[in-house]
Every structure is written in structure tokens, then in C-alpha cells.
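Colleague: Please take me through the strand pairing, the aromatic contacts and the nonpolar cores of this model.

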Amino acid sequence: MIQIHNSLTGRKEPLEPLEPGHVRMYVCGMTVYDYCHIGHARSLVVFDVVRRYLRHRGLRVTHVRNITDIDDKIIARAAENGEPMEALTERFIRALREDCAALGIETPEHEPRATEYVAQIIAMVSRLVDKGYAYRAEDGDVLYSVARFAGYGRLSGKKLGDLRAGARVEVGEHKRDPLDFVLWKTAKPGEPSWPSPWGAGRPGWHIECSAMSVALLGPHFDIHGGGMDLKFPHHENEIAQTCAACDSKFVNMWIHNGFVNVNAEKMSKSLGNFFTVREVLPHFRPEVVRAFVIGSHYRGPINYSEENLRQADAALERLYVALRGVAPAAGGADGGHRARFEQAMDDDFNTPEAFAVLQDLARELNVAKADGDAAAAARLAGELRELGGVLGLLGAEPEAWLKTRPPAALPAEGEGATGEPAAAEIDAWIAQRTAARKARDFAESDRIRDLLQAKGVVLEDGPGGTRWRWR
């Protein structure tokens with residue numbers, strides 16, 4: 001049985017779908033005013049792996065990942081750029097989808113945009129007002145009354161008294177309580193707005209996810225996920241809104257992935273220490289970024305560095321080297337490796353342990369190849385490919401992977417690479433080296449090997465001749 005750490009209770013609990021065999025999962029997506037950074041990529045990869053693994057275990061998954069396309073930051077960025085808000089959001093939605101495709105992120109069943117659910121948002125806010133959980137302030141905004149919801153703070157472990165001690169009401173705000181938050185913002189001149197019972201305005205950020213998740217998954221569903229930074233106040237506010245509006249439990253399990261750090265600080269746009277996916281991919285293949293994320297448990301922090309990405313690249317390369325030259329047997333993984341893999345993943349999606357199973361498979365595959373046991377090699381290669389696929393890895397052809405290098409890949413310090421030869425040039429050098437070896441001119445053979453090594457090319461001599469790959 002799959003055990004998941006539930007952020008709401010602080011302990012691992014068995015996954016027991018409300019509808020047998022069907023998991024409904026909502027994950028908070030992007031606010032589309034800029035490009036995805038590696039912190040976003042981590043969340044995307046984490047929940048893509050969760051979705052893939054649940055399906056691997058025979059469950060049907062309905063995955064919703066929203067897009068926030070109306071927000072203060074979006075409005076400010078569009079004004080700064082001097083462009084319509086819709087043009088800005090469409091551009092970054094396209095960029096988001098391109099980044100997801102590059103990282104091998106499967107498309108969710110639903111990808112709702114907040115602007116498409118304004119009617120549902122207004123209806124939910126109206127219910128909250130009617131039930132006394134929300135009120136219209138003097139400035140026209142509609143606010144949620146936090147004090148009215150008895151369970152507020154349970155997800156984050158925060159107490160209302162402690163929160164109030166550090167809270168203050170900003171100038172111009174009309175809150176009854178400093179903890180109250182906006183459900184509906186009254187329109188300001190020049191800003192996008194929609195008609196509502198409280199006049200022209202637009203949704204607050206927190207209410208968007210409540211309305212979209214209820215509309216697509218119902219008021220009570222299995223899993224809600226997102227980054228650790230969303231636990232408070234965003235997810236706390238979602239619970240308060242949805243439970244009050246729908247008289248329902250809302251979510252059974254909350255899953256939060258940890259931060260990506262740079263020099264022990266959280267990577268974020270506000271701190272200015274972030275790297276976008278588009279900045280990283282010219283230097284490291286997308287699958288390397290994915291392996292970097294999978295190499296750490298999703299709940300813990302992960303430190304971004306070129307060295308850590310290089311280590312992920314090297315680990316992935318070892319798997320592809322093992323697969324090289326072997327036709328995987330059909331039939332899939334059915335031995336002890338699959339049991340170990342599933343045991344790791346059943347234990348709160350322990351991807352580092354699952355990846356270690358792939359490395360063990362690769363070692364056994366190399367032994368089978370060296371022993372000339374073609375049947376065992378084919379079976380092990382099939383297991384390796386199938387289990388790797390559950391993590392979204394090893395989808396490329398080994399030969400293509402090993403002979404392809406990102407156009408701007410950075411040589412490691414001290415490598416001394418001085419330019420990358422084309423594949424045809426490498427093949428020509430290998431032909432010259434093969435001729436030199438046949439002529440027993442070992443000095444020339446070594447010279448060519450060293451020349452190629454200096455350019456980042458590794459030669460592998462075997463019974464079938466010499467193969468090459470990038471280092």
C-alpha cells in the first residue's frame with residue numbers, strides 16, 4: 001500500500017482513494033508573468049512522478065494543475081512592459097508548456113485558467129458572504145473573516161494569537177481583523193475587471209484555486225499538492241474558504257515539496273537568486289535536470305549547483321552506457337528489482353532509493369554484457385527501461401543520448417576541452433586510430449585517443465569495434 005506523508009497530520013498515511021481505483025489530485029501551478037525557474041521545475045517534476053507512479057500502480061488519476069492568469073504581479077508586469085495583460089499571459093503560458101515538454105512533464109487532464117472560472121469564483125464568494133464567513137469592507141473589497149473558521153492554522157501549525165501578534169493592517173485597508181484576506185478586489189482604474197454583486201472587480205489569489213478545484217474535482221478529493229512556500233497562507237486559506245463554502249472536508253492528503261536552495265537560501269524571484277529553466281537547459285540536457293530533482297527526496301531541500309547537476313548527468317550517463325548495444329526484452333520488470341523499486345516508491349515516493357535500484361540494475365546489466373549472457377542482458381535492459389520510465393527517465397535511445405551534447409555544455413574545470421568536433425570528424429579520427437592499431441602503430445593510436453579525450457570524447461574499445469560518447 002502506498003504511504004504518503006500528509007502535511008495536514010504530519011505523519012505517513014495509506015493512500016485510500018475516495019473512489020476506489022481513482023485518485024483525484026490538484027496541484028497549484030504557475031502565476032504566468034515570467035519564465036519558470038528551477039524551483040518551479042522541481043514542483044513540476046515531483047508531481048509528474050507522483051502521477052506516473054500512481055498510474056504504474058494501476059490507479060486512474062485525474063490531475064488538475066491550474067494557471068493563475070490574473071494577479072497583482074501580472075497586472076504590474078504588463079503595465080511595466082506596456083502590453084495588454086492577455087498578451088503577457090499567453091506568452092508565458094506558451095513558455096510554460098515548452099518548458100514542461102522539454103522536462104518530460106506529462107500534460108495534466110485539466111489545466112484551468114483563473115480567468116475562465118470567474119463565474120464559479122463569484123458563486124463561491126457569494127456563498128461565503130451569505131453564510132457569514134465573508135463581508136464587504138468599506139473600500140468595496142470582499143474579505144474572508146478568519147476568526148469565523150474554527151480550524152484555521154491546522155495545516156501550517158500556526159495559532160491565531162501568534163499570527164495576530166505579528167500582523168498589522170496596511171494603510172488604506174478596511175479589515176475587521178488583520179488576518180482577514182481578500183476574496184474579491186474592487187476594480188481600480190485601468191485594471192481588468194468583471195461584474196459582480198459587489199461591483200466591478202477581480203478575484204483574490206486564494207479563492208481561485210478553491211473554485212477551480214471544486215469545479216473540476218468536487219468539494220472533497222484525494223490529494224492537493226504544491227511547494228512548501230504555499231502551505232501558508234495560500235493552502236491554509238484554501239481550506240478555510242472551501243470547507244466553509246461547501247460544508248465539506250475538502251482534501252484528504254496534502255503533499256508539499258521542499259525548496260530549491262542556492263547557497264543555503266531558498267531560490268525565489270523575490271530574492272533574485274533564481275535560475276530559469278531556459279537558462280539551465282543550454283548547459284544541461286532536460287533529463288539531467290529531471291534526474292537532479294529525482295535524486296533527492298521531494299520533501300527535503302535540494303541545493304542547486306553546477307556540480308550537483310554534473311553528478312546527475314554522470315549518474316544518468318552510467319545508465320545509458322549500460323543500455324548501449326542491448327535490445328531490451330519485452331515483458332517488463334517482474335523480478336526482485338521491481339519489488340525493491342515499488343517498496344521505495346510506496347514509502348512516500350522515495351525517488352533516491354528508487355534511483356539506486358536503477359543503478360543496481362545497470363551494474364548487473366554490465367556484468368551480463370561482459371559475460372556474454374545476451375538473454376540476461378536483454379531482460380535486465382527491459383527492467384531498467386521500464387522502471388526508469390516510471391520516473392520519466394531513460395526514454396532516449398542510448399546511442400543518441402551518448403553522442404549528443406548540449407550546444408553550450410560547459411566543460412568541467414580542468415578538462416581543457418577546446419572545441420567540439422562533429423560526429424563525422426570523430427568517426428574519421430576513430431577510423432585513423434583503428435588503422436594505426438592494425439599497423440601496430442600504438443603511439444599514433446594513443447595520440448588520437450588523447451586528442452579526442454581532450455575534446456571531451458571517450459572511446460570504448462570492444463569486440464565489435466570502437467564506440468564513442470561524450471564525457
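**Strands, rings and cores**

Modeller: Strands β1 (residues 3–6) and β2 (residues 11–14) run antiparallel and are joined by four bridges. The model is a predicted one.

Colleague: Which residue in β2 is the bridge partner of His5?

Modeller: β1 and β2 make a hairpin with four residues between them. In the turn, Gly10 has a positive phi of about 80°. Across the hairpin, His5 is bridged to a residue of β2, namely Lys12.

Colleague: Is the pair of Tyr152 and Phe232 stacked or edge-to-face?

Modeller: The structure has 12 aromatic pairs. For Tyr152 and Phe232 the ring centres are 6.5 Å apart and the planes stand at 70°. Planes over 60 degrees apart fall in one class, so this pair is edge-to-face.

Colleague: How many residues apart are Tyr152 and Phe232?

Modeller: Tyr152 is in the loop between β6 (142–144) and α5 (160–165), and Phe232 is in helix α7 (residues 231–246). The pair therefore links distant parts of the chain, with a separation of 80 residues.

Colleague: Does Phe232 count as buried or partly exposed?

Modeller: Tyr152 has 8% relative accessibility and counts as buried. The limit for buried is under 20%. Phe232 has 27% relative accessibility, so Phe232 counts as partly exposed.

Colleague: What is the angle between the planes of Tyr320 and Trp401?

Modeller: Tyr320 is in helix α10 (residues 306–323) and Trp401 in helix α14 (residues 398–402), so their pairing ties together parts 81 residues apart in sequence. Tyr320 is buried at 0% relative accessibility, and Trp401 is buried at 6%. Their rings are stacked, with centres 4.7 Å apart and an angle between the planes of 20°.

Colleague: Which residue lies over the face of Tyr135?

Modeller: Tyr133 has the charged end of Arg148 over its ring, 4.4 Å from the centre. At Tyr135 the distance to the ring centre is 3.9 Å, and the residue over the face is Arg176.

Colleague: Which helix gives the most to the largest nonpolar core?

Modeller: The largest nonpolar core has 130 residues, and Leu54, Leu128, Tyr144, Phe341 and Phe349 have the most contacts inside it. With 10 residues, the helix that gives the most to this core is α1 (residues 38–56).

Colleague: How many residues are in the second, separate core?

Modeller: Ile448, Val457, Leu459 and Trp468 are among its members. The size of this second core is nine residues.

Note on methods:
Residues numbered from 1 in each chain as written. Predicted model: local features only at pLDDT ≥ 70, side-chain atom pairs only at ≥ 80, totals over all residues. Heavy atoms only, no water. Phe/Tyr/Trp six-rings, centres within 6.5 Å; stacked < 30°, edge-to-face > 60°. Helix = DSSP H or I, 4+ residues; strand = E, 2+ residues; numbered from the N terminus. Buried < 20%, exposed > 50% of the residue type's maximum accessible area, 1.4 Å probe, protein only. Lys NZ or Arg CZ within 6 Å of the ring centre and 35° of its normal. Pairing = 2+ DSSP bridges. Core = buried A, V, L, I, M, F, W, Y, C linked by side-chain atoms within 4.5 Å.
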